[in-house]
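Trainee: I have not worked with this structure before. Could we go through it by question and answer?

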Amino acid sequence: MAHLIEVAFRGNRKEFFSWTGETAPPLKAGVIVEADRGEDFGRVHSTGELAEVRCNGCAHGCGTTPPPRAALRLATKADEQLDRELTAENEDARRKSMERVKANHLVMKLTDAEWQWDRRKLTIFFTAERRVDFRGLVRDLAALFRTRIELKQIGVRDEAKRLSGVGRCGREYCSASWLPDLRPVNLGVAKDQKLSLNPQQISGACGRLMCCLRYEHEFYVLSRRKFPKEGKILTTSLGEEKVIACDIFNERITLRTAEGDSRVIALADLRSELEGLDQPTDHAHDDVPSHTAEYPVDAALHAMLDTVETEIAPLAASIAVITPERVFVPEPVVVQVVVPVAEFVAEFEVDVEVITPVSDEPAIAASTDTSDTSDTSDAESADAAGDATRRKRRRGRRGGRRLRAAEQRRQSEADGSPMPPDGGDDADDGDDNEE
């Protein structure tokens, strides 16, 4: 029976392999696995049920399908000694490659170099702001190292994940230690968490917003639903008090009276106090801003919001509050999603009437034919369609003449030639007054 194992390589790169032995290898054990055109060395990261769960949920997982490659055998002491030697040679390969990059005058930053265990391939990771033509560089590196060269462009988040480091929290980067995949982060999550919008305070070592803002966002949203909105006026036993601050970790609220006296009260005590005064205690939608439109939430809408949040970051920041039952979106924001008609009907189970635009000539022909064979109402409808078509044509001709006149004026200003007389190109062509 084949076992599923997850193997970790240099640079926090992980892949899944199948193990054909009777028992799975122990954790942290060195294994020789099947690689691209050869073999590679790695260490066992997870096995058994944990490997199956990670295979279904990680970005580098293969889902329910078996892994395409197999782990060949356990590594010997000689294999581990060779791996340590290659680790020392990786930095030397990166330095030599950087010299060739400067010689070719390429705008790119070499992040790391990694020899394959059998020395049949050298992979060089780099970052760049735009596309780089590195064909000449590949030829130089192939002549220098006498092996197969692979240049792989990665993002700044992947660079931080590969190189690892210590964040401002004093722990190893989440992307390098445990975070399974890197999802985009926008300023909307920082606003929901009441954080400073200064990029220097909420950005990580990679220069992008910190990954922890993303996976902590759901906790902040769900916790703030239990608290009243900051700035709201509540009628308590002391009279009208304004909510100044909410401490979601200690579940305390700071209130201030009209006279300026402040007090800190526990959330449970405030609820009991409001219930005794017959005040509403449901604060599920207190954070909803004014001038919002309310839409019901179902599985299809959740999927659409995930797509918008992933691919259209500016629009995702405008989504105010998402609850299990409703989504509140500011009214001025218009989110337009274009999907095929058949896919839309199958997803939302609604009836859709497809309106096909008709060209001008069939509309005129229809109006002419129906005037002789149909009743008066049909003839009037056809005449109205014909009039609408003629008006569209006249508007099109007028717009074309205006564009030509504007082009002539720009050309005259550029050449210094005299302007054409008014109405020269804007003259009536005979049917503008036709009604």
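Trainee: Is the crossing of α2 and α3 right-handed or left-handed?

Mentor: Keep in mind that this is a predicted model. Helix α2 covers residues 77–103 and helix α3 covers residues 135–145, and their axes are 10 Å apart. The crossing of these two helices is right-handed.

Trainee: At what angle do α2 and α3 pack?

Mentor: Angles over 145 degrees count as roughly antiparallel, and 65 to 115 as roughly perpendicular. The pair α2 and α3 falls in neither class, because its angle makes α2 oblique to α3. The angle is about 140°.

Trainee: Which residues in α3 meet α2?

Mentor: On the α2 side, the residues are A93, K96, S97, R100 and V101. The residues of this contact divide into six nonpolar, one polar and three charged. On the α3 side, they are L137, D140, L141, L144 and F145.

Trainee: Is N90 buried or exposed?

Mentor: The place of N90 is in helix α2. Setting aside neighbours within four places in sequence, N90 is in contact with R10, A113, E114 and W115. Buried means under 20% relative accessible area. N90 has 6% relative accessibility, so N90 counts as buried.

Trainee: What is the order of the strands in the open sheet of four strands?

Mentor: Strands of a sheet pair through backbone hydrogen bonds, either parallel or antiparallel. In this open sheet the pairing is antiparallel. Neighbouring strands are turned by 40° against each other on average, direction ignored. The order is β9-β10-β11-β12.

Trainee: Which strands stand at the edges?

Mentor: An edge strand here has a single partner strand, so one side of it is left without a neighbour in the sheet. The strands in that position are β9 and β12.

Trainee: How many residues lie between β9 and β10 in their hairpin?

Mentor: Strand β9 spans residues 233–236 and strand β10 spans residues 239–247. They pair in the antiparallel sense over four bridges, and one bridge partner of L234 to look at in β10 is E241. The number of residues between β9 and β10 is two.

Trainee: Which residue in the turn between β10 and β11 has a positive phi?

Mentor: Six bridges join β10 to β11, which covers residues 252–257 and runs antiparallel to β10. Within this pairing, C246 has I253 in β11 as its bridge partner. The hairpin has four residues between its strands, and the one with a positive phi of about 55° is E251.

Trainee: Which residue in β12 does L255 stand opposite?

Mentor: Strand β12 covers residues 262–266. It is joined to β11 by five bridges, and the two strands run antiparallel. Opposite L255 stands R263.

Trainee: Which strands of the sheet does helix α10 touch?

Mentor: Helix α10 covers residues 267–276 and packs on the sheet. Its direction makes about 95° with that of β12. The strands touched are β9, β11 and β12.

Trainee: What covers the buried residues of α4?

Mentor: Helix α4 spans residues 156–163. Its buried residues are R157, E159, A160, K161 and R162. Their cover includes β6 (109–115), β7 (121–127) and α5 (174–177).

Trainee: What is the phi of S164 near?

Mentor: S164 follows α4 and is found in the loop between α4 and α5. At 26% relative accessibility, S164 counts as partly exposed. Its phi is positive, in a residue other than glycine, and is near 65°.

Trainee: Where does R119 lie?

Mentor: R119 is not a glycine, yet it has a positive phi of about 60°. Its relative accessible area is 36%, so R119 is partly exposed. R119 lies in the loop between β6 and β7.

Trainee: Is V166 buried or exposed?

Mentor: V166 lies in the loop between α4 and α5. Beyond its neighbours within four places in sequence, V166 is in contact with R171, E172 and Y173. Exposed means over 50% relative accessible area. V166 has 57% relative accessibility, so V166 counts as exposed.

Trainee: What separates the C-alpha atoms of V166 and A205?

Mentor: Along the chain, V166 and A205 are 39 residues apart. The separation of their C-alpha atoms is 8.9 Å.

Terms used: Residues are numbered from 1 along each chain as its sequence is written. This is a predicted model: local features need pLDDT of at least 70, side-chain atom pairs count only at pLDDT 80 or more; totals for chains, interfaces and linings use all residues. Side-chain values use heavy atoms; hydrogens and water are left out. Two strands pair if DSSP finds at least two bridges between them. Axes are lines fitted to C-alpha atoms, for helices over the stretch in contact, and angles run from 0 to 180 degrees between N-to-C directions. Angles under 35 degrees count as roughly parallel, over 145 as roughly antiparallel, 65 to 115 as roughly perpendicular and the rest as oblique. A crossing is left-handed if the near helix is turned anticlockwise from the far one by less than a right angle, and right-handed if clockwise. Contact means heavy atoms within 4.5 Å. Ala, Val, Leu, Ile, Met, Phe, Trp, Tyr, Cys and Pro count as nonpolar, Asp, Glu, Lys and Arg as charged, and the others, Gly among them, as polar. Buried means under 20% relative accessible area, exposed over 50%, partly exposed in between (1.4 Å probe, protein chains only).
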